[in-house]
Amino acid sequence: MFNMLRMDLKRLQKSKSSYVIFILSIFLLFIFFVAMYIALNPDLQSWMKARGFIFQMDGMDSTQTLSFIDLFHLTYTQNFIAILIGIVVVLFNCHENECGFSKNILSTHVNRFYYVVSKIIALSLYALLLILVCCGELVLLNICVSSFFIWNTISEIILYIALLWFIAIGYVCMYTTLTVWLKSKSGCIGTVIVYATGLWMAIASPLLNFVGWQKILDYTLMSHLGLLSRQVQNIDINVILLMLVNVLIFIFLYILLSTLKLNRKDI
C-alpha cells in the first residue's frame, strides 16, 4: 500500500489540475475577503455612499461583527470546499480510469482495499494542505486590515481546522466512491455540483418531510459542514462527538462500497 500511496502522491504533485485548484482557491478567497470587508466596514460604506456607490451582500450589514472562524466559514467552507474537493477527486480518479491505468494496476491482483485507501489518504492530505493554505491566507489578509475580524482563540481555530479536515475526509471518501461506481468524468462532476450546491435538497427535503424523515438531513456531511462554525464557537462535546461518530460511519461505509465495487470481476 505504501508504494501505491507514494505513487498517488507523486501523481498529485505532477498534476496540473491540483495546482489550478490551489490558485483558484487563493484568488476566490481574496475576492470573498475583500467583499466581506467592504460590506461590513461602516467607514468604507459611508465613503462609498457619499460618492454614489452602494455595495451590499445578502444577510450582511455594516453593524455586524464577525469572528475569524465565521469569516473562514462564510468565505471558504460550506459549498465552496465541497465543490473544490469534489473536482480534485473526480479529475484525479477518473484520469486513471480513462487512461486504463487503474485496470492495469488492479489486474496485477493488488489488494482493492489498499488501492482505495491509498487514493483517500493522498487526496485527504491534499485537502488538508488546501485548508491550511487558505486559512493562512485569511490570517495574513486579516492582519493587513488591522484585525478587522475578531480573532478566535488558537485552540478554537485548531479545533475548527481539525474538524473541517475530518469532514473533508468524508467528502473525499464519498467522491471516491462516486468515481468508482460512475466512472464518467462528466457525470461525476455534474453529480458533485448538484450535491455541493444543495440542489438535491430541493427535491429530497419535501419528500423526506412528506414521510416524516426530514431529520435524516441533519446527519449528512453537508449539514455537519454547515453547522461546524457554531459548534466550535459554542462548544458542545456531545454534539461534536456525535458528529465525529456520524462522519466516521460515512467514511467506513464509502470505503466498503468502493472496495465491493472493485472486487467485481468486470473492472
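On the surface of this predicted model, a nonpolar patch is formed by F27, F30, I31, F32 and V34, whose accessible area together amounts to about 420 Å². One member of the patch, I31, is located in helix α2, which covers residues 16-40, and with a relative accessible area of 40% this isoleucine is classed as partly exposed. The same helix also has a covered side of its account, since S18, I21, F22, S25, L29, F33, A35, M36, A39 and L40 are its buried residues. In its length, α2 agrees with expectation, because its 25 residues should span 36 Å at 1.5 Å a residue and its end C-alpha atoms are indeed 36 Å apart.

The protein chain as a whole contains 12 helices and zero strands, so that its pattern, read along the sequence, is α-α-α-α-α-α-α-α-α-α-α-α. Of its 267 residues, 45% count as buried, while the accessible surface comes to about 14200 Å², with 69% of this area belonging to carbon and sulfur atoms. When contacts between residues at least 6 apart in sequence are considered, 79% of them are found to join residues at least 24 apart.

Two further helices were examined in the manner of α2. Helix α8, made up of residues 154-182, has 29 residues and reaches 41 Å from its first C-alpha to its last, a value close to the 42 Å expected at 1.5 Å a residue. This helix is mostly covered, with 21 of its 29 residues buried, and just after its end K183 adopts a positive phi of about 70 degrees. Helix α12, comprising residues 237-262, has 26 residues that should span 38 Å at 1.5 Å a residue, and the distance of 38 Å between its end C-alpha atoms agrees with this. The buried residues in α12 include I240, M243, N246, V247, F250, I251, Y254 and I255, and also S258, T259, K261 and L262.

Three salt bridges are present in the structure, and D8, R11 and K119 are linked in a network of such bridges. Within this network, the side chains of D8 and R11 meet at a distance of 3.8 Å from N to O; both residues lie in helix α1 (residues 2-14), where they are three residues apart, or about one turn of the helix. The salt bridge between K119 and D8 has its closest N and O atoms 3.1 Å apart. Because K119 lies in helix α7 (residues 112-144) and D8 in helix α1, this pair ties together parts that are 111 residues apart in sequence. The members of the network are covered: D8 and R11 are both buried, D8 having a relative accessibility of 0%, and K119 is likewise buried, with a relative accessible area of 3%.

Another salt bridge joins K215 to D218, with 3.4 Å between the closest N and O atoms. Here K215 is exposed, at a relative accessible area of 57%, whereas D218 is partly exposed, at 37%.

Finally, the cysteines were considered, and the structure was found to hold zero disulfides. For C94, the nearest cysteine sulfur is that of C188, at a distance of 4.2 Å; because a disulfide requires the two sulfur atoms to be within 2.5 Å, C94 takes part in none. The surroundings of individual cysteines can also be described, as C94 counts as buried at 0% relative accessibility, whereas C144 is exposed, with a relative accessible area of 67%.

Definitions and conventions
Residues numbered from 1 in each chain as written. Predicted model: local features only at pLDDT ≥ 70, side-chain atom pairs only at ≥ 80, totals over all residues. Heavy atoms only, no water. Buried < 20%, exposed > 50% of the residue type's maximum accessible area, 1.4 Å probe, protein only. Helix = DSSP H or I, 4+ residues; strand = E, 2+ residues; numbered from the N terminus. Expected span 1.5 Å × (residues − 1). Patch = residues over 30% accessible without salt bridge, like charges linked within 9 Å, V, L, I, M, F, W, Y side chains within 5 Å. Areas by Shrake-Rupley, 256 points an atom, 1.4 Å probe, with all protein chains shown as cover. Salt bridge = Lys/Arg side-chain N within 4 Å of Asp/Glu carboxyl O. Contact = heavy atoms within 4.5 Å.
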